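Here is a short set of exercises to work through with the structure open beside you. Try each task before you read its solution.

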Amino acid sequence: MEACGICHTDLKKIEHNLLAPPRVYGHETAGVVAAVGTGVAKYRLGDRVVAFHHIPCMECFYCRRKNLRPVPGV
């Protein structure tokens, strides 16, 4: 990870002290692929990537375990 954004919701949590310690803010992340595992074809070393957290894929580890709420139509 090379960058992490702080959104308006994070600022609201900070201003109104809404998150109990330990406080970790920021979830809009971006970075560069530093390593690629065997069999990975979609990404290459040095690719610039982001993690878009609002739309579940319904196929990854977390989605399969229902750790994210599905978005209608996705």
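**Exercise 1. Asp10 and its surroundings**

Task: Find which residues Asp10 touches, leaving out residues up to four places away in sequence.

Solution: Keep in mind that this is a predicted model. Start by placing the residue: Asp10 belongs to helix H1, which covers residues 8–15. With residues up to four places away in sequence set aside, Asp10 touches Gly5, Tyr25, Gly26, His27 and Glu28. For Gly26 there is a further detail, as the side chain of Asp10 reaches the backbone nitrogen of Gly26 at 3.2 Å.

Task: Work out why Asp10, although buried, has no salt bridge.

Solution: Look for the nearest side chain of opposite charge, which is Lys13, 4.4 Å away. A salt bridge needs the charged atoms to be within 4 Å. The distance to Lys13 is 4.4 Å, so Asp10 is buried yet has no salt bridge.

**Exercise 2. The cysteines**

Task: Decide how many disulfides the structure holds, and compare the burial of Cys4 and Cys7.

Solution: Recall that a disulfide is a covalent bond between the sulfur atoms of two cysteines. Now check the distance: the cysteine sulfur closest to that of Cys4 is in Cys7, 9.3 Å away, and this is too far for a bond. Looking from the other side, Cys7 is in no disulfide either, with the sulfur of Cys4 as its nearest cysteine sulfur. The count for the structure is therefore zero disulfides, given a cut-off of 2.5 Å. As for burial, Cys4 is partly exposed at a relative accessible area of 36%, whereas Cys7 is buried at 17%.

**Exercise 3. Backbone geometry between H1 and S2**

Task: Where is the cis peptide bond, and which residue has a positive phi although it is not a glycine?

Solution: First, the background: most residues other than glycine have a negative phi, and most peptide bonds are trans. The cis peptide bond joins Pro21 and Pro22, with omega at about -5°. The residue with the positive phi is Asn17, at about 50°. To place them, note that Pro22 sits in the loop between H1 and strand S2 (28–32), and that Asn17 is in the loop between H1 and S2.

**Exercise 4. Val33**

Task: Is Val33 buried or exposed, and what does Val33 touch beyond four places in sequence?

Solution: Locate Val33 in the loop between S2 and strand S3 (48–51). Its relative accessibility is 14%, so Val33 counts as buried. Beyond four places in sequence, Val33 touches Tyr43, Arg44, Leu45, Gly46, Asp47 and Val49. Take Gly46 from that list: Val33 and Gly46 are 13 residues apart in sequence, while their C-alpha atoms are 5.1 Å apart in space.

**Exercise 5. The whole protein**

Task: Describe the order of helices and strands, then the burial and surface of the protein.

Solution: Count two helices and three strands. Along the sequence they follow the pattern β-α-β-β-α. Of the 74 residues, 9% are buried. The accessible surface comes to about 6,500 Å², and carbon and sulfur atoms account for 58% of that area. Finally, among contacts with a separation of 6 or more, 20% are between residues 24 or more positions apart.

Terms used. Residues are numbered from 1 along each chain as its sequence is written. This is a predicted model: local features need pLDDT of at least 70, side-chain atom pairs count only at pLDDT 80 or more; totals for chains, interfaces and linings use all residues. Side-chain values use heavy atoms; hydrogens and water are left out. Helices (H or I, at least four residues) and strands (E, at least two) are DSSP runs, numbered from the N terminus. Buried means under 20% relative accessible area, exposed over 50%, partly exposed in between (1.4 Å probe, protein chains only). Lys and Arg count as positive and Asp and Glu as negative; His and the chain ends are not counted. A polar contact is a pair of N or O atoms within 3.5 Å; within protein, one must be able to donate a hydrogen and the other to accept it, and residues adjacent in sequence count only if both atoms are side-chain atoms. Contact means heavy atoms within 4.5 Å. Accessible areas come from the Shrake-Rupley method with a 1.4 Å probe; for residues, only the protein chains shown count as cover.
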